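Please take a moment with the sequence and the coordinates before reading on. The paragraphs below go through the fold step by step, and they are best followed with the model open alongside.

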Amino acid sequence: MSILSKFKSIDGFYSGNLKLFKDLKKIDKVEEISILGAGNSISKIPYIDNLPLFKLDSKKFIKIIDNNIIYLSANVTCSELHNFLIKNGLVFEPIPSYPNVTIGGCIANCVHGFNSKVGTIRDKILEINIYNGYEIITINKKDNYELFNFTIGGMGKTGIIYSAKLLVNKISYTHIKIKKSTFYSLTEGYLKLKKSKSIYNQNNIFIDYSKKKLSFYGICNQGTPLNSNKTISYVKNKKIPSMRLGILGNIFVLQLFNKFIFLTSKFALFNKLSLSELLFPSNKRVNYFLLMPE
């Protein structure tokens, strides 16, 4: 057992002491534990002082077992998975925008990716291996329907996720073409999104609303698939530190920052994104997480 102190996530940190376990045999007598993945949580940290943490310390692996099925360990990060897949002409889209989170964490939180039209990670999971406190068991939708569904999005309540089988797709596009449009009401913005029929469509909306001026102004960036002769670049992990500290936590500073993001989006000149930039927008944009609500 070791002690972690000042444990950090992307949008906060815990300054107390946390007990870290890496051996399951030593935590059998512990009544409550919290499972630690890559330590890159986007959400608030719910830890209490001296809380036992368990970190899966097994060897990482990713295997292609069929044309569109992969088998991997839960401690593989999203960037490691993505870089492995693009070497083989494959892609896995329902993953969060920050590349350093683990697949186990993605399953436990039932994450989604940039494109809601392809569904959540739940729709791509064939099988999960979990440690339930006694043994490692294999669960799937057919044989263990309830346990399978409780595990996906279950925040680790059903056990420690060890590995999984996932459905992946062949890469059908290398870039997306960005088309920018504006709207002046939520209804108009909604109709713009509804009108878009491309299954590979990215919609980022930035809204500038003023109660005093009773004005509403929105920007909608829509992306449609585009194949390019350029190869898809690999994702290089960029560790994003906790940003909600000091003056950055001040509400007035955040409002100014939000205004800055809106203006840069309004006048941005980019019109094309690569597949890797599309899947992991926050890897290069540290300010992305400042836009998260408290």
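**A walk through the predicted chain**

Met 155 lies in the loop between α3 (145–151) and β10, and in this predicted model the phi of Met 155 is near 55 degrees, a positive value in a residue other than glycine. With a relative accessibility of 55%, Met 155 counts as exposed, because the cut-off for that class is over 50%. Another residue that is not a glycine but has a positive phi is Cys 110, at about 45 degrees; Cys 110 is located in the loop between α2 and β8.

The strand that follows the loop of Met 155 offers a contrast in burial. Strand β10 spans residues 160–167, and six of its eight residues are buried, so β10 is largely enclosed by the rest of the structure. Which strands pair with β10? Strand β6 (residues 69–73) runs antiparallel to β10 and is joined to it by five bridges, with Leu 72 having Ala 164 as its bridge partner in β10. Strand β8 (residues 125–131) is likewise antiparallel to β10, and six bridges join these two strands; here Glu 127 stands opposite Lys 165 of β10.

The setting for these elements is a chain with six helices and 15 strands. Of its 294 residues, 44% are buried, while the surface that the chain exposes amounts to about 16800 Å², with carbon and sulfur atoms supplying 55% of that area. Among the contacts between residues at least 6 apart in sequence, 68% join residues at least 24 apart.

The interior can be approached through the nonpolar side chains. In soluble globular proteins, nonpolar side chains tend to be buried together. The largest nonpolar core in this model has 49 residues, of which Leu 72, Leu 81, Phe 92, Ile 107, Ile 125, Ile 128 and Leu 166 touch the most other members. Its largest share, five residues, comes from β10. Apart from this core lies another one, of five residues, among them Leu 18, Leu 36, Leu 51 and Leu 53.

Leu 81 leads from the core to helix α1. Leaving aside residues up to four places away in sequence, Leu 81 touches Ile 62, Ile 70, Leu 72, Val 76, Phe 92 and Ile 103. Helix α1 covers residues 78–87, and since seven of its 10 residues are buried, the helix is largely enclosed by the rest of the structure. The buried residues are Cys 78, Ser 79, Leu 81, His 82, Asn 83, Leu 85 and Ile 86, and what they pack against includes both strands and helices, namely β5, β6, β7 (90–91), α2 (103–109) and α6. After α1 comes Gly 89, with a positive phi near 70 degrees.

Helix α6, one of the packing partners of α1, spans residues 275–279 and contains Ser 276. At 6% relative accessibility Ser 276 counts as buried, because that class takes in values under 20%. Not counting residues up to four places away in sequence, Ser 276 touches His 82, Ile 232, Ser 233 and Val 235, and His 82 is itself among the buried residues of α1. In the segment after α6 one finds Pro 281, which is also buried, with a relative accessible area of 13%. Pro 281 and Pro 99 are 182 residues apart in sequence, and their C-alpha atoms are 9.2 Å apart in space.

A last stop concerns aromatic rings. How many aromatic pairs does the structure hold? It holds one, formed by Phe 61 and Tyr 71, whose centres are 5.1 Å apart and whose planes make an angle of 50 degrees, so that the pair is tilted, because this class lies between the limits of 30 and 60 degrees. Phe 61 is in the loop between β4 (52–55) and β5 (62–66), whereas Tyr 71 belongs to strand β6, so the pair ties together parts that are 10 residues apart in sequence. Both rings belong to partly exposed residues, with relative accessibility at 25% for Phe 61 and 22% for Tyr 71. The ring of Phe 61 has a further neighbour, since the charged end of Lys 63 sits over this ring, 5.4 Å from its centre.

Key:
Residues are numbered from 1 along each chain as its sequence is written. This is a predicted model: local features need pLDDT of at least 70, side-chain atom pairs count only at pLDDT 80 or more; totals for chains, interfaces and linings use all residues. Side-chain values use heavy atoms; hydrogens and water are left out. Buried means under 20% relative accessible area, exposed over 50%, partly exposed in between (1.4 Å probe, protein chains only). Helices (H or I, at least four residues) and strands (E, at least two) are DSSP runs, numbered from the N terminus. Two strands pair if DSSP finds at least two bridges between them. Rings of Phe, Tyr and Trp (its six-membered ring) pair if their centres lie within 6.5 Å; planes under 30 degrees apart count as stacked, over 60 as edge-to-face and the rest as tilted. A charge sits over a ring if NZ of Lys or CZ of Arg is within 6 Å of the ring centre and within 35 degrees of the ring normal. Contact means heavy atoms within 4.5 Å. Accessible areas come from the Shrake-Rupley method with a 1.4 Å probe; for residues, only the protein chains shown count as cover. A nonpolar core is a set of buried Ala, Val, Leu, Ile, Met, Phe, Trp, Tyr and Cys residues joined through side-chain atoms within 4.5 Å.
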